[in-house]
Amino acid sequence: MMRSSKWIATVASIWIQCTCGASYAFGIYSSVLKSSQGYDQSTLDTVSVFKDIGANAGVLSGLLYSAVAVHRRRQRNNQYASFCGPWVVHVAGAVQCFAGYFLMWLSVTGVIHRPGVPLICLFMFVAAHAQTFFNTANVVTAVQNFPDYGGTIVGIMKGFLGLSGAMLIQVYQALFKGNPKIFLLMLALLPSFISLLLMCLVRIDERDTQGNKKQLNRFSTIALLVAAYLMIMIIFENIFTFPLWANVTNLILLLLLLASPLGVAAKALKDESSEGSPHSPLLNDHEDKEHDRAYEEEEEDREDLNVVQAMRTQNFWLLFIAMACGMGSGLATINNISQIGESLGYTTVEINTLVSLWSIWNFLGRFGAGFVSDILLHSRGWARPVWMIITLSTMTIGHVIIASGFAGNLYVGSVLVGVCYGSHWSLMPTITSELFGVGHMGTIFNTIAIASPVGSYVLSVRIIGYIYDKEASGEQNSCSGTHCFMLSFLIIGCVTLFGSLVASALFFRTKRFYKLVVLRRLHHSAGR
């Protein structure tokens with residue numbers, strides 16, 4: 001049935017992911033928030049911190065998903081089972097998204113007269129926190145629908161989330177340019193409406209269908225086309241000034257690209273119907289059925305860990321520390337890239353282009369790490385943590401390049417750091433599902449994601465900010481030259497190098513597990 005198909009669920013999840021990254025568009029409405037509330041830059045930065053915390057503190061979304069989706073599968077005959085499922089998580093996200101952005105819109109339009117800073121921080125936190133509910137419902141459901149290609153499907157979901165900020169900005173350019181207050185109202189309405197409209201299609205469908213990889217490759221191709229289109233538009237928009245009709249045309253073309261996943265789902269459903277039930281028991285001989293039954297009993301004995309049990313393992317803390325080094329340093333870099341560019345004499349156009357293109361490098365990392373790690377796990381048996389070693393080591397090179405200050409260093413450094421930063425957002429959830437199981441994956445990977453703002457705070461405030469203030473001079477407390485950020489990024493380079501050593505420890509600890517459990521599971525699925 002179309003409604004319960006994993007392909008329709010994937011399309012619905014992609015469309016929701018495309019609208020729920022409003023936290024990435026903070027730069028559009030931050031100026032009107034600052035002016036309407038009479039904030040200085042420090043106060044605005046405080047609001048931004050609550051945005052980052054809200055967008056990364058997704059433990060509650062994971063707990064809710066485990067309660068309404070995972071437990072529902074275990075209690076299918078329960079009379080309340082029909083009232084549970086991923087849609088409940090989407091409803092919770094939609095309510096928070098609408099409430100947070102709508103209250104901020106009321107504040108900037110003067111309907112609510114200048115609420116205190118703590119209230120605005122609360123509004124911002126709630127609005128950004130909604131993103132974790134949308135993301136958890138979509139990512140965890142996708143992993144359960146495609147357990148053998150977790151890296152690829154997480155890369156697709158996380159990739160579209162990474163691009164969503166750029167997509168929302170395209171909507172702003174076409175419909176609301178010069179009116180960020182209306183854009184803020186749109187952020188309250190659009191993601192909430194899309195998620196409520198499509199939430200019932202995001203369902204867990206564990207049927208073993210043929211052609212999963214082929215169809216996922218088609219979704220991947222669409223993701224790459226969307227990213228390429230957005231990259232071209234970002235570059236052109238930073239060089240030329242487009243008239244309104246051109247911005248509207250660009251938006252229409254983008255929407256046509258985003259409609260194309262529906263064609264992939266239709267093709268997959270058509271292939272399934274023509275092939276019939278791909279793995280009907282009638283097609284298996286007695287020996288195969290006995291082998292499957294023994295394997296399934298063994299898998300049931302291996303219970304998924306909950307977040308408390310996971311936190312008692314060394315693997316959890318190795319993964320957390322590695323992500324604090326990787327995600328934290330990446331977030332610290334993008335938060336300070338404008339100031340770095342100014343100190344090195346980059347023009348405003350160059351800085352804006354660097355900031356805009358970060359979303360593309362972020363996407364390539366999210367998508368590429370999941371896709372490539374899946375290929376090499378299936379074909380070569382490479383344990384996925386080896387990619388954490390590679391990306392953290394590459395980040396070290398990127399940070400050293402930024403510290404060096406040579407001509408064009410930010411172009412090279414931002415690409416390396418941006419791609420590697422994005423890769424962690426697909427590698428970490430996938431590794432979490434493989435090491436601790438999918439039962440409580442949402443709670444565990446959202447707990448580990450807290451490492452991102454924690455690492456960013458330490459590296460941004462305690463290292464970059466502290467050293468910059470020491471080097472700054474003059475009434476404006478500004479700094480110009482290579483020395484402003486050199487020491488900071490050399491230190492951050494050492495941090496990511498340490499992170500690669502921690503990832504190495506995780507790799508050697510889990511190498512045998514991947515060989516005996518993960519690869520065996522994949523080979524069993526491939527042989528059915």
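Ile-239 counts as exposed, with a relative accessibility of 55%, since the class begins over 50%. The values reported here were computed from a predicted model. Ile-239 lies in helix H9, which covers residues 212–239. On the surface, Ile-239 takes part in a nonpolar patch of about 450 Å². The other contributors to this patch are Ile-232, Ile-235, Phe-236 and Phe-240.

Aromatic contacts were examined next. A pair of aromatic rings is described by the distance of the centres and the angle of the planes. With centres required to lie within 6.5 Å, the count comes to 21 aromatic pairs. One of these is formed by Phe-367 and Phe-371, whose ring centres are 5.6 Å apart and whose planes make an angle of 20 degrees. This pair is classed as stacked, because the angle falls under the limit of 30 degrees. Phe-367 and Phe-371 both belong to helix H15 (residues 348–379), and because they are four residues apart there, about one helical turn separates them. Both residues of the pair are buried, in contrast to the exposed Ile-239 of helix H9.

A further aromatic group is the cluster made up of Trp-7, Phe-146 and Phe-219. Within this cluster, Phe-146 also has a charged neighbour: Lys-6 lies over the face of the Phe-146 ring, 5.0 Å from its centre. A second lysine is placed over a ring in the case of Lys-51, which lies over the face of Phe-26 at 5.5 Å from the ring centre.

Methods. Residues are numbered from 1 along each chain as its sequence is written. This is a predicted model: local features need pLDDT of at least 70, side-chain atom pairs count only at pLDDT 80 or more; totals for chains, interfaces and linings use all residues. Side-chain values use heavy atoms; hydrogens and water are left out. Rings of Phe, Tyr and Trp (its six-membered ring) pair if their centres lie within 6.5 Å; planes under 30 degrees apart count as stacked, over 60 as edge-to-face and the rest as tilted. Helices (H or I, at least four residues) and strands (E, at least two) are DSSP runs, numbered from the N terminus. Buried means under 20% relative accessible area, exposed over 50%, partly exposed in between (1.4 Å probe, protein chains only). A charge sits over a ring if NZ of Lys or CZ of Arg is within 6 Å of the ring centre and within 35 degrees of the ring normal. Patches are made of residues with over 30% relative accessible area and no salt bridge: like charges are joined within 9 Å, nonpolar side chains (Val, Leu, Ile, Met, Phe, Trp, Tyr) within 5 Å. Accessible areas come from the Shrake-Rupley method with a 1.4 Å probe; for residues, only the protein chains shown count as cover. A salt bridge is a side-chain nitrogen of Lys or Arg within 4 Å of a carboxyl oxygen of Asp or Glu.
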